[in-house]
Structures are given as C-alpha cells and as structure tokens.
Amino acid sequence: MIADGQNPVYLRVLTFWGFRRSVPKPIFRAMAILKIARMGHPILATRAAPVSDPNDPEIRRLVNDMIETMADANGAGLAALQVHVPLRVVVFQAPGERSTDPGLSSEESFDHTAPLTVLVNPEIAILDARPEGGWEGCLSVPGLRGWVERPAHIRYRGFDLDGKLIERTARGFHARVVQHECDHLEGRLYPARMSDLSKLVFESEIHHVMAAQ
Ligand code: NI
C-alpha cells in the first residue's frame, strides 16, 4: 500500500480521472435524421399549430433534428409538418449562389440570400404581388420539379429559438423558399400553387423543359 503524498504520477492521474468521472455527465442526445412525410400523407394537409414557447428545449431538439434531416436530404428548407410535427416551425437557407443577377445592388443582393434560419410562428406580408416564376422541388415530393409563380417581393417575420424577433425583406429564391415553407404550415404543397401542370416534371427530364424555355 502506498501512503498519501507518495503516490506515483500514474496514480495521481488515475485519481484525477476518477474525480472527473464522478461529475454528473451532461445529458447528451445525438441528433437524429427524421422520416420525411411524402405527398399523400395526411399530416402534410393539416394546418400547423402555433408554438407557445420558442425557448422550449423540445423545440430546440426538434429544430436540430430538422436541420440534420434537411442537410442529409440536401434540401433548402423544411417545415416541421414534413417530419410529422404539426407546429409552426420552419428552417431554410437561401445560399448566395442562388442570387446570380450581377445587376443587383448590395442591398437587393442581400434580399436574395439568407443564412441557415429557424423561424418559429412565421408570418408573411406581400410587398410586390407581381408573380415571378421559378422551379421548385420539395423533400415531400421527391424526384419532381414544378414551375411555380409566386409574389416576387415579401417581408417576413418570426421568432428564433431565443424568442428574438427576426424580420427581413426577401426577393428571388429567398422569397420563394420562405413562401414555400410557410405554405407547408397551411397544409399546402407546391403543386397546388401551379397554374400549368405540364410544368410538373421529373428532375431527370427537366433539361428538356429548360431547353424549350
Ligand atoms: Ni417543401
């Protein structure tokens, strides 16, 4: 037996780790890739309910899982309804490469892009109702693309996970992705917004349509 004060270094190290191990471990839960509901599942046709507390840790957990699910599926946006949770929560991003018009002023250019954003209880106001067409896809409508006309310029607001208000104006792809995600919260998928269903096509065939445009 080794007396106190005579512990060789390795024993002191063991004692140190023993002490560390006695500290309660933080509760750790790995993020999860969630199952995405596909067109036809009734959850996608329901109206999502407002979130009463954006600070709720359960909402943060849901959002983390949504972000991981969206990234795994290579999507630009995801609404909670798409992962079977009927709450008014969306995540989206509008990367800079979607804003390709070199004639845009710096302010307008910002309107076309958005970092990865979480919006709880979002609302949209239309600033310019003139319709602008663009190709859309949806993780709940896999394999397809559709030409959808939507108002070109919007203002939107909602809360982040700290309950802080986010308010932005948006144009271009940015305006499109926010409107697409908020449509999900009303139980509406993009094909319901289409006026010309001949422009609902498989991704693998879209080059034919684009070549004809
Ligand atoms: Ni969608």
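**View 1. Tyr 156 and its partner across the strand 4–strand 5 pair.** Tyr 156 has Arg 168 of strand 5 as its bridge partner. Strand 4 (144–159) and strand 5 (residues 165–171) run antiparallel and are joined by seven bridges; strands are said to pair if DSSP finds at least two bridges between them. The two form a hairpin with five residues between them, and in the turn Gly 163 has a positive phi of about 80 degrees. Strands here are DSSP runs of E with at least two residues, helices are runs of H or I with at least four residues, and both are numbered from the N terminus. A word on the model itself: it is predicted, so local features need pLDDT of at least 70 and side-chain atom pairs count only at pLDDT 80 or more, while totals for chains, interfaces and linings use all residues. Residues are numbered from 1 along each chain as its sequence is written.

**View 2. The whole protein, for orientation.** Five helices and six strands make up the protein, in the order α-α-β-β-α-β-β-β-α-β-α from the N terminus. Of its 213 residues, 31% count as buried, meaning that 20 or more other C-beta atoms, placed from the backbone, lie within 10 Å of a residue's own (12 or fewer is exposed, and in between is partly exposed). Among contacts with a separation of 6 or more, 70% are between residues 24 or more positions apart; a contact requires C-beta atoms, placed from the backbone, within 7 Å.

**View 3. Inside the largest nonpolar core.** Here 40 residues come together, and Met 66, Ala 80, Val 91, Phe 92 and Val 178 touch the most other members. Helix 2, helix 4 and strands 1 to 4 are the elements that give two or more residues to this core, and helix 4 provides the largest share, six residues. Such a core is a set of buried Ala, Val, Leu, Ile, Met, Phe, Trp, Tyr and Cys residues joined through C-beta atoms within 7 Å. Zoom in on Ala 80 and, leaving aside neighbours within four places in sequence, you will find it in contact with Ala 48, Leu 62, Met 66, Val 85, Leu 87 and Val 89.

**View 4. The two sides of helix 2.** This helix of 16 residues reaches 23 Å from first C-alpha to last, close to the 22 Å expected at 1.5 Å a residue, where the expected span is 1.5 Å times one less than the number of residues. Its buried residues are Ile 59, Leu 62, Val 63, Asp 65, Met 66, Thr 69 and Met 70. Seen down the axis, they fall within an arc of 165 degrees, so they line one face of the helix; the arc is that of the directions from the helix axis to the C-beta atoms. Strand 1, strand 2 and strand 3 are among the elements covering them, while Pro 57 and Asp 72 are exposed on the other side.

**View 5. Asn 74 and Asn 121, two asparagines with positive phi.** Asn 74 has a phi of about 60 degrees although it is not a glycine, and this residue sits in the loop between helix 2 and strand 1. With 8 other C-beta atoms within 10 Å, Asn 74 is exposed. Asn 121, also not a glycine, has a positive phi of about 55 degrees and lies in strand 3. This residue is partly exposed, because 18 other C-beta atoms lie within 10 Å.

Methods. Contact = placed C-beta atoms within 7 Å.
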